[in-house]
Amino acid sequence: MTAGALAAPRVRLGRSARRAAHLLAVLLLVTLAAAALVDLMPGSPSAAILGPTATPEQLAAMDAEYGFDRPFPVRYLDWVGGLLTGDLGRSVQSGQPVLGTILERLPVTLEIALLAVGISLLVAVPLGVYSGARVGGPLDRVVTAGASALMSIPVFVAGVVLIYLLALTTGWFPVSGWAPLSAGLAENLRFAFLPAVALAVGETPTLLRLLRGDVVATLREDFVRTAATRGLPRRYILFRHVLRPSALPLVTMAAVVFGRLLAGSVVVESLFALPGLGGLALQSIPAKDIPVIQGLVVLVAITYVVVNMLVDLGYTVLDPRTRAR
Amino acid sequence: MTSEPPTPLPRPEPPLLRVENLVKRFRVPGGVIEAVSRVGFTLGRAQTLGLVGESGCGKSTTGRAVLQLPPPDAGSVRFRGEELTALSRRDMRRVRPSLQIVWQDPRSALNPGRRVRDLVAEGPVIAGRPRAEIAGRVDAALAEVGLNPAEVGDRRPHEFSGGQCQRIAIARALVLEPDLLVCDEPVASLDVSVQAQVINLLQDVKARHGLSLLFISHDLGVVRNVSDRVAVMYLGRIVEIGDVDSVYGAPAHPYTRALLDAVPVPDPLAPPPGPPLKGEVPSPLRPPSGCRFRTRCPLAQPVCAEQAPDLRPVGDDHQVACHFSLKESPVSRSSAPSRTAVQDGGPR
Amino acid sequence: MKGPLLVVEDLRCHIPSARGTVRAVDGVSLTLARGQVLGLVGESGCGKSTLVRTLVGAAPARASVSGAITVSGASLTDMPYEARRAFVGRHVGMVFQDPMSALNPVVPVGRQIGEAVRHHHGLSRAAARARAADLLEQVGVPDPGRRLRHYPHQFSGGLRQRITIAMALSCDPELLIADEATTALDVTVQRQILDLLTGLARDRGMGLIMVSHDLGVIAGRADETAVMYAGRIVERGPTREVFGRARHRYTDALLGAIPRLDAPPHTRLRVIPGAPPDLAGTAPGCAFAPRCPARGERCESESPPLQGESGGHAHACFHPAEGETT
Amino acid sequence: MIFLSAACSAGTQPQGDTPATGSGSAATVVLGVEAVRGLDPAHLFNLTPSGDANRLSAIFGVLFWSDTSTGKVNPGIGESLTADDDGVEWTMKLREGVTFTDGTPLDAEAVKFNYERIADPDTKSPLAPLLEGVTFEAVGPRTLVIKLKEANHAFDRVIATNLTHIGSPTAIKKDAAAFAQNPVGAGPFTLQDWVRDDHMTLARNPGYFEQGKPLLDTLTFKVIADPAQRINAVASGQAQAAVPGSDLSFMARAEGSGLKAAKAPAGGGPMLIFNTAKPPFDDLRARQAVVLALDTKELAQVVDPGSTPPDSLYGTSSPFHPGTGVMPEQDTARAQELLDELAAAGEPLKFTISMPASGFFRRTSEYLQSRLSTLKNLQVEIEVLDNASLDRQVFTNRDFALSAQIVPVADPEPNLYKLLHSGGQTNYMGYRNPDVDAALDMGRGSSDEGARREAYAEVERLVVADLPVLPIRQQVAYTVHSDKLSGLTLHGDGCLLYDRLGLAGS
Amino acid sequence: MTNTPTRRGGTALWLASGWLGLLGLLALGVGLLPLPAPDAPVGGPNLPPFASFPEILGTDGIGRSVLSRLIHGARISLTVSIGATLLAAVLGGLLGVLAAYLRGFAESVIGVVLDAILAFPPLLLLLALAAVVRPGVGTLVASLGLLFVPPFARLAKAAALARLNREYVVAAEALGAGHGRLLFRELMPGCVPPVASYAVVMAALMIMVEGALSFLGVGIPPPAPSWGAMIAAGKDFLAMSPQLVLVPCAAMFLTVLSFNTVGEHLRARVDPGAGDAR
């Protein structure tokens with residue numbers, strides 16, 4: 001068994017090659033599906049550009065100019081070719097390069113997603129550990145009920161309530177908008193806080209319940225009983241022995257949540273008028289801004305893929321059990 | 001490199017089961033392990049072959065590979081003269097009723113959602129036996145394993161103890177009237193008091209139906225009790241095979257010897273056993289070169305690292321795979337190194 | 001401190017469950033002297049594991065426990081909860097059945113061994129490390145200094161069990177409890193571990209309780225043997241006596257049910273009919289009575305007390321067996 | 001998103017407060033839609049106040065501007081705009097020494113260049129139809145003569161609404177695409193920093209033609225899609241002004257939270273449009289049935305609480321307002337009769353309402369569906385369309401039965417012409433009535449106020465009889481602002497004049 | 001985990017089941033109730049609750065009965081959430097079990113498809129489908145159902161693998177069972193309870209997703225009254241008539257909470273060790 005460590009690199013190579021093939025297939029499928037789907041959508045970007053007064057002839061001319069009239073496979077291959085050289089094309093709506101447009105908005109979404117995950121973890125970890133340690137106790141009852149209630153609040157309701165309470169009534173936070181980091185960290189956080197909390201409302205229970213369940217299960221493990229019979233203090237056991245094995249599933253779930261938020265913070269972004277990716281999607285999809293949509297799809301898919309790879313990697317790096325196998 | 005010369009068999013008739021050069025590999029995180037490595041043996045009608053060894057030696061895998069569950073990677077399994085490895089899935093299904101298995105964990109092998117009667121009837125139903133006939137056969141099989149069909153028929157597995165579940169599992173196999181019953185650690189999960197019941201039951205049904213048993217167990221006492229012949233496995237290979245009395249009475253392989261010595265005997269007055277074996281079974285990912293036992297063997301010599309010993313006869317129906325078989329060149333046991341890496345602590 | 005190391009009197013551990021109260025430990029009394037090995041044997045579900053868990057204060061949370069436990073003259077049952085935990089942590093070491101699950105998979109073994117001494121004796125990190133290395137050496141783990149940093153899965157089954165033994169020894173306990181410590185191991189390794197455990201007990205003058213379902217394991221190693229059935233000790237005495245002249249019908253039948261290495265093939269085993277009882281039941285009388293070949297009327301109405309005989313051999317049976325077992 | 005035909009009329013909304021000229025004063029104005037396609041005046045069709053009109057107004061300033069409530073045309077960067085008696089030849093005079101922020105002079109040639117670019121088919125400007133057949137001649141550095149194809153006495157309004165923003169020819173010639181992203185005008189402010197979908201920062205143009213203006217040093221446009229949040233931004237002090245959109249209910253809401261609203265009632269407004277070129281609404285009875293079935297008072301109140309239905313095509317302050325209401329009254333019984341008639345003819349009325357998704361239009365469609373569903377022999381369905389689909393399906397392909405658009409009619413020119421004339425640019429209804437065409441031409445070509453009045457009264461009569469459109473709510477253009485902000489003057493469709501915007505106090 | 005839900009199961013579980021039962025009955029029997037049509041005007045707009053009988057919940061901005069729309073909305077919201085969940089559970093369950101059973105190439109292909117769904121921006125799929133097909137309950141059920149296939153597949157695969165490890169499937173093969181029998185008689189029945197109990201939890205999520213979509217204006221098209229659409233419409237009148245948002249919000253909250261409560265209880269009973277597979 002101990003010798004297992006020696007063979008690991010060779011095997012991991014094989015595994016990562018398989019993994020890479022898998023992820024490549026995923027990317028291919030996703031972009032192909034996205035391209036096909038957008039292709040099927042009625043209306044064309046030309047209509048959005050030329051406006052309501054455009055004549056059909058004008059639209060056709062514009063379609064030809066942008067190549068929207070070329071057969072689907074040709075356009076897809078062309079696009080993939082561009083992708084490989086790092087060229088995602090230009091937005092039909094704004095004429096700006098897609099890559100730049102996306103990269104400009106990425107930090108906003110990234111920041112509130114990260115912040116939301118951070119807030120969720122900050123709340124979920126202590127509450128999860130302590131409520132799991134005393135199942136059925138008063139804290140546990142309050143926390144479980146609270147988690148259930150929070151889970152049942154739609155994010156748009158949470159957002160409106162937060163705006164009303166913490167922005168309009170008290171004026172502690174701005175009601176909407178964004179301040180980039182260049183405006184100073186404090187200012188940046190002031191703007192990012194409410195959206196992040198609104199997102200965290202829905203995600204905290206997920207992490208909390210995962211951790212609580214894990215803690216309950218871990219507490220039944222022999223090694224916890226062993227530690228208890230050795231007279232170690234309860235807090236020490238909870239945070240050194242019980243939390244540690246749960247850390248990985250927790251980190252994994254946090255990563256999954258993060259990925260989900262990155263792709264799905266549309267509601268919050270539109271509510272708080274954040275210049276993020278969700279807003280971009282919401283604006284580009286109805287306008288059939290195909291290059292931007294494709295760019296977003298690729299970004300979301302790559303994010304998903306990268307998050308998955310990081311989780312995998314995290315497991316091999318962080319979990320001693322998989323590390324040496 | 002064949003494992004067992006086919007010639008000197010005590011019985012003139014062709015064996016029920018002949019296994020040759022069986023190889024089964026698994027892909028695991030970290031590489032490929034050869035769980036069963038060129039294993040061969042024969043099993044006659046109404047005979048019991050015990051397959052014994054420590055965990056991870058490949059004995060269960062051998063039993064399943066014989067049943068093509070899943071099929072082996074190489075080698076030959078001839079059952080009643082038919083080459084099972086060459087059969088199509090459909091043909092294999094036709095043969096299956098004759099080749100039954102009793103699993104180690106009876107609870108896990110019984111679908112928890114089904115009633116006992118349906119569980120036992122499943123084999124005949126699959127085999128397409130006439131409906132009318134099945135109910136009677138099921139009742140008979142249940143009765144034979146000591147269960148009252150009227151009482152247990154409509155209950156589900158979780159309502160039974162481990163021993164009773166094993167009885168149901170045996171009834172499930174018996175109802176198909178098999179020729180060969182592979183028993184994969186059938187009593188390992190049972191308490192001593194229940195284990196005896198199941199062992200006796202298996203012996204009874206074997207005698208009654210003229211069954212052949214491939215009896216897989218890590219418990220040397222149990223194997224000795226049920227077997228006519230015994231094969232000892234170590235790290236995917238058979239190291240010794242032969243008549244039970246000669247293997248147990250005069251083990252030719254140092255591993256068999258050490259194994260027998262290590263078995264705790266429920267007798268405070270039993271003679272002190274030989275020196276303990278040092279170390280543990282090496283990883284099957286990188287088995288030692290040559291003789292796989294050499295890293296723990298008190299008799300190991302340079303040749304053991306270079307050349308894997310083949311099975312060779314050391315007596316009537318007794319073969320061993322060792323360059324320095326205890327039977328031929330009796331190395332005195334006391335001359336074997338007695339100090340181990342482990343702190344010495346003999347029994348008081 | 002004079003007197004026996006461990007005195008247990010009329011210990012009970014009743015666990016409420018959906019099917020009724022499980023009387024997992026039902027009036028057990030024991031004594032154990034320093035340097036002695038006590039074998040506690042019984043089939044699964046007889047309450048032997050609950051007994052040792054109750055001894056160290058790790059009974060199930062909802063269980064009701066009564067009786068007295070004294071270790072080195074200190075009454076555990078009179079101590080407040082935290083003090084008792086600390087006391088047990090310092091004076092009693094435990095080794096469990098499955099070394100893999102008894103070790104935290106994500107904590108290096110060195111820290112797991114050293115954490116108790118650090119806590120109980122306030123050792124520094126470095127001192128705890130040194131002590132852990134020393135302990136690993138003692139239990140026969142090669143290259144201890146390097147292996148401190150390794151995680152449990154990097155060890156083989158036998159080495160893992162050695163590590164849990166090192167953990168149990170870290171505070172120099174006076175009493176070591178091995179709960180089915182070798183059940184998960186192969187026979188060749190089992191023998192190594194048993195040698196190690198008895199050797200350590202002898203060298204350190206510890207009391208050792210070996211819990212096992214395997215009569216063979218107990219027979220070769222224990223000075224005294226106690227046989228448990230349905231939450232009670234049904235027979236107790238010097239190992240040689242218990243195995244050589246089993247008095248209780250259960251012990252007797254159990255010895256007859258074991259397939260022996262020295263018996264010829266196809267020897268018919270003696271069978272104990274039925275299955276071990278459900279401890280949630282509350283039937284009066286001897287718990288073994290339904291399976292007992294010698295049961296009388298009294299057995300079904302009255303619970304036989306543990307009666308002493310000469311030489312410390314005691315049994316709880318109205319119709320004890322005579323003579324040698326096979 | 002609001003769909004607005006690109007034109008409006010003139011008028012001033014005088015503000016009482018005198019703004020303080022403070023150095024370092026900065027104001028933020030919240031809009032609803034990002035200038036997605038950049039800010040090239042030739043390429044815009046979204047000239048709603050919540051969209052690009054405000055940005056253009058700040059960056060390019062206005063040559064001439066029309067008062068939102070009266071439609072009267074006033075001079076801005078341009079000095080005067082006069083027509084000859086026929087209304088065919090117009091003379092535009094420019095001020096002395098006005099330059100774009102890149103130093104290029106804003107002279108007759110510059111205006112000519114801008115207009116010719118719009119007219120050039122290669123530019124694909126949506127404004128091109130306005131300049132079809134028009135020729136330009138710079139007769140002096142400050143004088144541009146514009147010759148129309150046919151008489152139009154209201155051409156000054158076309159210029160004041162749609163052709164009032166002039167960009168630097170130097171910048172446009174250099175790179176038109178870059179110009180859209182970094183516009184160069186001669187307006188009160190210059191673009192400094194633009195983070196898309198977030199904000200646009202503008203700095204005071206020190207070379208603005210009018211001394212002492214603009215009053216603000218910095219102007220920021222922010223984009224917030226949610227109209228309620230736009231008001232919240234002003235209420236919380238994050239911004240000083242916001243254009244909540246066309247829903248008048250937001251005005252009450254803003255005033256409820258202590259904010260002010262600069263407003264100007266205009267004519268026209270949101271109108272139901274019937275596709276008169278296709279069944280079922282090619283049949284007048286079908287249109288009548290729908291119109292008669294509706295209680296327009298309730299409709300206005302429901303789709304936009306606090307608003308009232310228009311009683312005429314023309315606003316109350318318009319010289320063309322007939323004085324008494326002329327719109328059809330609700331008559332459910334008659335509506336049912338018509339419906340039964342249609343059903344009896346084997347063509348029971350059944351149609352789909354195609355509407356954009358925004359709150360006002362969604363409520364309108366739901367109201368229509370709800371009220372009309374109480375009548376027999378009538379089946380109504382709703383189809384909600386995203387912008388691109390709406391553009392293509394309704395406005396371009398005209399594949400719809402009933403839809404809606406917003407048509408401000410402070411003065412009938414040019415919007416009513418575009419809406420109702422047979423070949424009109426926004427005549428999505430496919431409405432053709434030679435009498436209407438004649439009356440519209442009459443109104444456009446005549447310089448006589450009396451004749452115009454008569455012509456437009458005729459237009460109104462015919463429209464009420466034919467019912468190609470039904471105005472459903474009085475149009476009021478407004479901007480919500482904090483009481484610190486002063487100098488809010490609404491022009492065009494209701495955007496601000498930025499040179500006079502100031503912050504009081506602090 | 002094992003004992004809490006059972007103990008908590010007392011009142012909370014009964015209340016939750018009661019609410020869901022009542023809602024189900026109302027949704028099923030909505031045609032039999034003496035309610036005005038959900039799109040018919042019953043009075044002036046924005047009538048406050050309890051002001052008139054039988055419109056005890058008042059009217060909405062269009063003057064339609066809030067009570068009637070709430071109950072009709074229950075029907076739509078439940079149809080969408082249960083329909084989509086069923087679709088996802090059946091599809092995901094089949095795929096998961098197949099992946100576990102077939103292994104090898106088929107498992108890889110299924111894995112790629114599932115990951116592709118997960119990696120696909122959900123909003124695009126929903127908007128695109130709504131644009132390609134006429135939006136409505138069916139479209140929403142199909143697209144939401146498709147989007148939520150992966151978690152079910154993951155769960156079903158885990159459940160199937162657990163059962164494959166418990167030898168009874170191999171045992172049936174030893175008896176001579178073919179693929180069909182192994183899959184449908186041995187493997188699948190055991191995977192139904194965990195998938196079904198997870199489905200209850202997911203149904204709760206679906207209700208919220210439907211709400212979010214309506215909020216973004218891409219949900220059920222008007223005039224159909226889903227709760228999400230009611231909330232979205234009511235938010236325009238939030239300051240004036242907050243009940244228009246509060247009433248459907250409360251209904252949604254209670255329903256989601258009830259689904260969660262019942263679902264978690266079922267999950268704890270079916271599969272005590274189950275983590276959050278979402």
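In this predicted model, a good place to start looking is the ring of D:F113, because D:K173 lies over its face, at 5.0 Å from the ring centre, and a charge counts as sitting over a ring when NZ of Lys or CZ of Arg is within 6 Å of the centre and within 35 degrees of the ring normal. Chain D offers another example: the charged end of D:R444 sits over the ring of D:Y417, 3.6 Å from its centre.

Rings also meet other rings. How many aromatic pairs does a search of the whole structure find? Over all chains, the search gives 23 of them. In chain A, one aromatic cluster is formed by A:F72, A:Y76 and A:W79. If you want to describe a pair of rings yourself, the two things to state are the distance of the centres and the angle of the planes.

**Opposite charges**

Next, turn to the salt bridges, of which the structure holds 73 over all chains. Here are some of them, with the distance between the closest N and O atoms.

| Residue | Partner | Closest N and O atoms |
|---|---|---|
| A:R209 | E:E264 | 2.6 Å |
| B:D204 | C:R268 | 3.0 Å |
| D:R285 | D:E341 | 3.1 Å |
| B:E122 | B:R114 | 3.5 Å |

Let us take A:R209 and E:E264, which form a salt bridge. The pair crosses between chains: A:R209 belongs to helix α8 (residues 185-219) of chain A, while E:E264 belongs to helix α10 (residues 243-270) of chain E. Is A:R209 buried or exposed? Its relative accessible area is 17%, and buried means under 20%, so A:R209 is buried.

Now compare this with D:R285 and D:E341, another salt-bridge pair. This pair links distant parts of chain D, with D:R285 in helix α8 (residues 284-293), D:E341 in helix α10 (residues 332-344), and their positions 56 residues apart. D:R285 has a relative accessible area of 27%, which lies between the 20% and 50% limits, so D:R285 is partly exposed. The value for D:E341 is 36%, and therefore D:E341 is partly exposed too.

Salt bridges can also share partners, and in this way B:R114, B:E122, B:R172, E:R181 and E:E186 are joined into one network. Within that network, B:E122 and B:R114 are both buried.

**A look at chain B**

Chain B contains 12 helices and 12 strands. Of its 348 residues, 57% are buried. Among the contacts in chain B with a separation of 6 or more, 64% are between residues 24 or more positions apart. Chain B exposes about 13400 Å², and carbon and sulfur atoms supply 51% of that area.

**Where chains meet**

Which residues of chain C lose the most area to chain B? They are C:R191, C:L261 and C:H266, which together account for 18% of what the chain C side buries. The contact as a whole takes 56 residues from chain C and 53 residues from chain B. Between them, these two chains bury about 4400 Å², 53% of it on carbon and sulfur atoms. The count of salt bridges between chain C and chain B is 1, and B:D204 forms a salt bridge with C:R268.

Chain E and chain A meet as well, with 40 residues of chain E in contact with 45 residues of chain A. Together they bury about 3800 Å², and carbon and sulfur atoms carry 75% of it. Here, too, the count is 1 salt bridge.

Terms used:
Residues are numbered from 1 along each chain as its sequence is written. Chains are lettered from A and ligands numbered from 1 in the order in which they are written. This is a predicted model: local features need pLDDT of at least 70, side-chain atom pairs count only at pLDDT 80 or more; totals for chains, interfaces and linings use all residues. Side-chain values use heavy atoms; hydrogens and water are left out. Helices (H or I, at least four residues) and strands (E, at least two) are DSSP runs, numbered from the N terminus. Buried means under 20% relative accessible area, exposed over 50%, partly exposed in between (1.4 Å probe, protein chains only). Contact means heavy atoms within 4.5 Å. Accessible areas come from the Shrake-Rupley method with a 1.4 Å probe; for residues, only the protein chains shown count as cover. Rings of Phe, Tyr and Trp (its six-membered ring) pair if their centres lie within 6.5 Å; planes under 30 degrees apart count as stacked, over 60 as edge-to-face and the rest as tilted. A salt bridge is a side-chain nitrogen of Lys or Arg within 4 Å of a carboxyl oxygen of Asp or Glu. Buried area is the accessible area (1.4 Å probe) that two parts lose on being put together, summed over both.
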